[in-house]
Amino acid sequence: MTFRTIAVAAFCLGALAAPVSAQPAAGDAREPGRISVVGQATIEVPPDFAAVQIGVTSRAPNAAAALADNSAAVARTIALAKSSGVEARDIATSAVSLQQAFKMVRTPAGGEQQPDGYQAQNVVTVRLGDMAKLGEFMRQAVEGGANRIDGVSFGLREPAKAEQEAGAAATRDAMQRAKAVAEAAGVALGPVERITTPPRTERPSPPYPVMRMAAAEGRGKAVPLEAGTVTFSSEVEVVWALRQ
């Protein structure tokens, strides 16, 4: 997983600075000049949980058998999660399906699909606070009957602190840019007139691709995984009046 350093996006000062008006003369009714600057910041924070979507796809001659086999394997996965210290609130069913399966059969006309039993699928999302157990949990789940992993992602249970840090860094960036613009224009900053904060954006670590496997293929070592970081970005627009 690629690690990114904390970065502050650069903006063209000329594009961000509003036109600066000169000192109004006596009787001049023009509005005082203003400077509008957009500050940006990006921070990266280590995640405190990992979420994995793990499930079972089962096939059988009839619907009841497919569902029974599938349910038994999923129950083992859930039991494994609980025995690994995962709380019930961190285990949730993501998808359940049961449908007729088909196979392609050659015919004199070329080929046609014919019924071939039933297929049942059940996927659960398990969130682990102890990320060091994730790879071993995935291995044991596959050995217990799971045969699909639909993705792994990492995040923060309480992202508010990281959001605030990103917002504060963006505000400091805006202040630095405004001072630079004012100095280059030969004017002085006055009081802040407006601060606007667009919605915060969060870019979590991308999920691993979907993996499907037979149970026997999972025997052996734990799945190697790296948590990386969770990225938070913030943008703040600040408008200053210019001193007369």
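## Confidence in the model

What is the mean pLDDT of the protein, and what share of its residues reach 70 or more? This is a predicted model, so let us start there: the mean pLDDT is 81, and 77% of the residues reach 70 or more.

Two stretches call for some care. Over residues 1-29 the pLDDT stays under 50, and the model gives this stretch 55 contacts beyond four places in sequence. Residues 204-218 also have pLDDT below 50, with 35 contacts in the model beyond near neighbours in sequence. Where pLDDT is low, the predicted coordinates should not be read in detail.

## The S3-S4 hairpin

Strands S3 (residues 91-105) and S4 (residues 112-128) run antiparallel and are joined by 13 bridges. If you would like a place to begin tracing the pairing, Ala92 stands opposite Thr125 in S4. The hairpin has 6 residues between its strands, and Gly110 takes a positive phi near 130° there.

## Arg127 and its partners

Strand S4 also carries Arg127, which is worth a visit in the viewer. Arg127 forms a salt bridge with Asp90, and the closest N and O atoms are 2.8 Å apart. Asp90 lies in the loop between helix H2 (63-83) and S3, so this pair ties together parts that are 37 residues apart in sequence. Are the two partners buried or exposed? Asp90 counts as buried at 7% relative accessibility, while Arg127 is partly exposed, with a relative accessible area of 27%.

Arg127 has an aromatic partner too: its charged end sits over the ring of Phe49, 5.1 Å from the ring centre. As for pairs between aromatic rings, the structure holds 0 of them.

## Salt bridges within helices

How many salt bridges does the structure hold? There are 9, among them the Asp90 and Arg127 pair described above.

In helix H3 (residues 134-143), Glu136 and Arg139 lie 3 residues apart, about one turn of the helix. Their side chains meet in a salt bridge at 2.2 Å, N to O. Glu136 counts as partly exposed at 28% relative accessibility, whereas Arg139 counts as buried at 14%.

Helix H4 (residues 160-185) offers another example, with Arg177 and Asp173 separated by 4 residues, about one helical turn. The closest N and O atoms of this salt bridge are 2.9 Å apart, and Arg177 and Asp173 are both buried. Elsewhere, salt bridges that share partners join Asp90, Arg127 and Arg157 into one network.

Key. Residues numbered from 1 in each chain as written. Predicted model: local features only at pLDDT ≥ 70, side-chain atom pairs only at ≥ 80, totals over all residues. Heavy atoms only, no water. Phe/Tyr/Trp six-rings, centres within 6.5 Å; stacked < 30°, edge-to-face > 60°. Lys NZ or Arg CZ within 6 Å of the ring centre and 35° of its normal. Pairing = 2+ DSSP bridges. Helix = DSSP H or I, 4+ residues; strand = E, 2+ residues; numbered from the N terminus. pLDDT = per-residue confidence, 0-100. Contact = heavy atoms within 4.5 Å. Salt bridge = Lys/Arg side-chain N within 4 Å of Asp/Glu carboxyl O. Buried < 20%, exposed > 50% of the residue type's maximum accessible area, 1.4 Å probe, protein only.
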